[in-house]
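Dear colleague,

Please find below the structure that I am handing over to you, together with its sequence. I would be grateful if you could read the notes beneath with the coordinates open.

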Amino acid sequence: MEGDELHVGRPPLFKGQNYELWNMRMIGCIQYNGMKLINIIKYGIPTLIDKSGEMFSFESMTEEEKYICQNNAKRRHLIMCALSEEEMSKVHAMVNTKRCWIHLLSHMKV
């Protein structure tokens, strides 16, 4: 990561080392892409599952739920773009951005 140039809007690449430095850079990148929406990573998204255990269809969601889901997807994409293939393989199946972030935090070599 040392010597990597940072480009506006492009997330810093995490290769499994120097997690604390990557974390600081990544928070800045996420804030740049939507300061208000960092809360999705901090607090997660509400569970959008019906009584039968199925996810609500996008069409049945309220506008606020759609907004939350869309912004979760944007933040998740930003994180995925910032990971090497090896690191991405550890979290690619996670839909909730907060869970992805926590998993990265708990499994990285600091």
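The notes that follow go from the whole chain to individual helices and residues.

Please bear in mind that this is a predicted model. The secondary structure consists of five helices and zero strands, giving the pattern α-α-α-α-α when the chain is read along its sequence. Of the 110 residues in the chain, 35% are buried. The accessible surface is about 7,300 Å², and carbon and sulfur atoms contribute 54% of that area. Among contacts with a separation of 6 or more, 53% are between residues 24 or more positions apart.

Helix α3 comprises 19 residues, from 63 to 81. At 1.5 Å a residue, a span of 27 Å is expected for this helix, and the 27 Å between its end C-alpha atoms agrees with that value. The buried residues of α3 are Lys66, Cys69, Asn71, Asn72, Arg75, Leu78, Ile79 and Met80. As general background, an α-helix has 3.6 residues a turn, so residues three or four places apart point the same way.

Two of these residues, Arg75 and Ile79, recur in the surroundings of Ile41. Ile41 belongs to helix α2, which covers residues 38-43. Ile41 counts as buried because its relative accessibility is 6%, below the 20% cut-off. Beyond its neighbours within four places in sequence, Ile41 is in contact with Ile30, Arg75, Ile79, Thr97, Lys98 and Trp101. In sequence, Ile41 and Arg75 are 34 residues apart, while their C-alpha atoms are 7.6 Å apart in space.

Trp101 also takes part in the aromatic arrangement. The whole structure contains four aromatic pairs. One of them joins Phe14 and Tyr19 in an edge-to-face geometry, with 5.8 Å from centre to centre and 85 degrees between the planes. Both of these residues, Phe14 and Tyr19, are buried. Ring pairs connect Phe14, Tyr19, Trp22 and Trp101 into a cluster.

One backbone angle may interest you when you inspect the model. Asn18 has a phi near 55 degrees, which is a positive value in a residue other than glycine. Asn18 is located in the segment before α1, the helix of residues 19-32. With a relative accessibility of 37%, Asn18 counts as partly exposed, because that value falls between the 20% and 50% limits.

Yours sincerely

Technical notes
Residues are numbered from 1 along each chain as its sequence is written. This is a predicted model: local features need pLDDT of at least 70, side-chain atom pairs count only at pLDDT 80 or more; totals for chains, interfaces and linings use all residues. Side-chain values use heavy atoms; hydrogens and water are left out. Helices (H or I, at least four residues) and strands (E, at least two) are DSSP runs, numbered from the N terminus. The expected span of a helix is 1.5 Å times one less than its number of residues. Buried means under 20% relative accessible area, exposed over 50%, partly exposed in between (1.4 Å probe, protein chains only). Contact means heavy atoms within 4.5 Å. Accessible areas come from the Shrake-Rupley method with a 1.4 Å probe; for residues, only the protein chains shown count as cover. Rings of Phe, Tyr and Trp (its six-membered ring) pair if their centres lie within 6.5 Å; planes under 30 degrees apart count as stacked, over 60 as edge-to-face and the rest as tilted.
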